[in-house]
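Let's take a relaxed walk through this structure, one piece at a time. Have the 3D view open as you read.

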Protein chains: 2
Amino acid sequence: MTARMKRDVEELKAAGITPTLCIFRVGERPDDLSYERGAAKRAAAVGVEVKKVVLPADVSQEDFDAELMAVNTDDSIHGILLFRPLPRHLDNEKARQMLSPAKDIDGCTDLSLAGVFTNTRTGFPPCTAQAAMEILHHYDIPISGKKAAVIGRSLVIGRPVAMMLMHENATVVNCHTRTVDVPSITREADILIAASGQLHSVTRDYTNPGQVVIDVGINWDETKGGISGDVDFEDVEPHVAAITPVPGGVGGVTTCVLISHVVEAAKTHKNHI
Amino acid sequence: MTARMKRDVEELKAAGITPTLCIFRVGERPDDLSYERGAAKRAAAVGVEVKKVVLPADVSQEDFDAELMAVNTDDSIHGILLFRPLPRHLDNEKARQMLSPAKDIDGCTDLSLAGVFTNTRTGFPPCTAQAAMEILHHYDIPISGKKAAVIGRSLVIGRPVAMMLMHENATVVNCHTRTVDVPSITREADILIAASGQLHSVTRDYTNPGQVVIDVGINWDETKGGISGDVDFEDVEPHVAAITPVPGGVGGVTTCVLISHVVEAAKTHKNHI
């Protein structure tokens, strides 16, 4: 992916366009900062420019709206990474609707999500969901005709990745907080996407020996003093066919997908000039 | 539903607005005509006006676009029922995108489908999917924490009804043509939505004794010389807790939902004047 992006960025620069990502952040949440560092590093590696808009945690709705509109309409910016959830006093839903669909590189607008639901490739899918799919593709994991279980139903990962798996002909079940006896369901799956957002909540009894496990979780692990996934890796790893670690798994691919969306958006922008 | 609609229509008429449905049809497909008769009858029963735009089966793309734009921009029309799929020479996807989201009473535009996917109630859900949910609600069938299986993954019913069931906290699996051993999956479900579009394809071995079965199929049954569902009713009915018949089940509720969307659209129109 990186090699292809580098080539694309060079071609765009030769045509006078510098693909540019705007990181739009409110406050200084450690998760956001960590993701931001990864994205900036990946951007630098392929020649994508990064501009930052950082607003104070207590920014007014009015100022927030004005700043978002400014980057929406700034032609030198091709993609906007809007960190969410926003602080409670700001309107998350309004922000989602305000964001320019053309710059919605993390798939949060209605247009992008409709693209995921209808499989018509309008907009961009959420990066984490696409990252999980890229990993399955990279390792040639069979998807068509297989059973997949997704733990979690967020719009960032659970629901979109379930749709993307179904579009590739998997039979998919979405488990969530109201699902009764999750392990009895996930044990039946050939592919398990763990996206509950709960540290080490997926244990050996959720899995089966032939299973491929994608751990999407990023949780602070007090015991080890670092981040860990939703899967109890030590417990699960010896008993499944394959599993992605945390850190070092989905996260890095996600930032790579994010930057590839910026490059795509810049290409589309070029074709519309 | 009918009583509530009548009241709403009277109020709208008193305010000078006659809720109006436009039936937009290309050609004379028997399925379309049958659905159209049902919708017109239901509209008449509650006082909703119906206008028809009927184009020849070989209408040009240009003429089709012009006619659709005309009803899109006609303020006296509040909802458009666009029969699909269109004949092959016409662009289905373009038509779906062209339709005014405000008049998209059968939930086929990106905005409506994003509303179903995100559960934000923008636009209207596809009528058949909502009809299945209305039936479950009417009979107080428990959904939260239950297992649901949906056979079929179309945008008209399979995918949206799966989402709507999940939004009400069911754990949902979507089966489709590439699913291996469908009966082994559907047998586990408390609620089964049959939307394969295949006459009598769901037999007793797909079900369990506690199951509630919603048959969404409308197929021509050569043997009986009438319409039948996707479920082999004779075979399944004695062995499940409850089942909707075809005809006389989902179909009538669907036209009722359709007309209720026209009334809703007219109310929204009134509030925007």
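## A small sheet in chain A

In chain A, A:Leu21 sits opposite A:Gly79, a residue of strand 3 of chain A. Keep in mind that this is a predicted model. The strands behind that pair, strand 1 (residues 20-26) and strand 3 of chain A, run parallel and are joined by four bridges.

Zoom out a little and you'll find an open sheet of three strands in chain A, with the order 2-1-3 and parallel pairing. Strand 2 (49-55) and strand 3 (79-82) of chain A are its edge strands, each pairing on one side only. On average, neighbouring strands of this sheet are turned by 20° against each other, direction ignored. Helix 2 (residues 30-46) of chain A packs on the sheet and touches strand 1, strand 2 and strand 3 of chain A. The direction of helix 2 of chain A makes about 170° with that of strand 1 of chain A.

What domains does the assignment give for chain A? It gives domain 1 (2-105) and domain 2 (127-251). Their C-alpha centres lie 27 Å apart.

## Where the chains meet

Now for the contact between the chains: 25 residues come from chain B and 25 residues from chain A. On the side of chain B that touches chain A, the elements giving two or more residues are helix 5 (110-118), helix 7 (158-167) and strand 5 (171-175) of chain B. Helix 5 of chain B gives the most, with six residues.

Here's how the residues on that side of chain B divide, next to those of a helix contact we'll get to below:

| Contact | Nonpolar | Polar | Charged |
|---|---|---|---|
| Side of chain B that touches chain A | eleven residues | nine residues | five residues |
| Helix 6 of chain B with helix 10 of chain B | eight residues | four residues | one residue |

The two chains also share strand pairing: three bridges join strand 5 (residues 171-175) of chain A to strand 5 of chain B, and these strands run antiparallel. There, A:Val172 stands opposite B:Asn174 in strand 5 of chain B.

## Two crossing helices in chain B

Helix 6 (residues 127-138) and helix 10 (residues 250-272) of chain B pack at an angle of about 115°, and their axes are 8 Å apart. That angle is why helix 6 of chain B counts as roughly perpendicular to helix 10 of chain B. The crossing of helix 6 of chain B past helix 10 of chain B is right-handed.

Which residues meet here? Helix 6 of chain B brings residues including B:Cys127, B:Ala131 and B:Ile135, while helix 10 of chain B brings, among them, B:Val250, B:Val257 and B:His261.

Definitions and conventions:
Residues are numbered from 1 along each chain as its sequence is written. Chains are lettered from A and ligands numbered from 1 in the order in which they are written. This is a predicted model: local features need pLDDT of at least 70, side-chain atom pairs count only at pLDDT 80 or more; totals for chains, interfaces and linings use all residues. Two residues are in contact if their C-beta atoms, placed from the backbone, lie within 7 Å. Ala, Val, Leu, Ile, Met, Phe, Trp, Tyr, Cys and Pro count as nonpolar, Asp, Glu, Lys and Arg as charged, and the others, Gly among them, as polar. Two strands pair if DSSP finds at least two bridges between them. Axes are lines fitted to C-alpha atoms, for helices over the stretch in contact, and angles run from 0 to 180 degrees between N-to-C directions. Angles under 35 degrees count as roughly parallel, over 145 as roughly antiparallel, 65 to 115 as roughly perpendicular and the rest as oblique. A crossing is left-handed if the near helix is turned anticlockwise from the far one by less than a right angle, and right-handed if clockwise. Domain bounds come from an automatic or database domain assignment.
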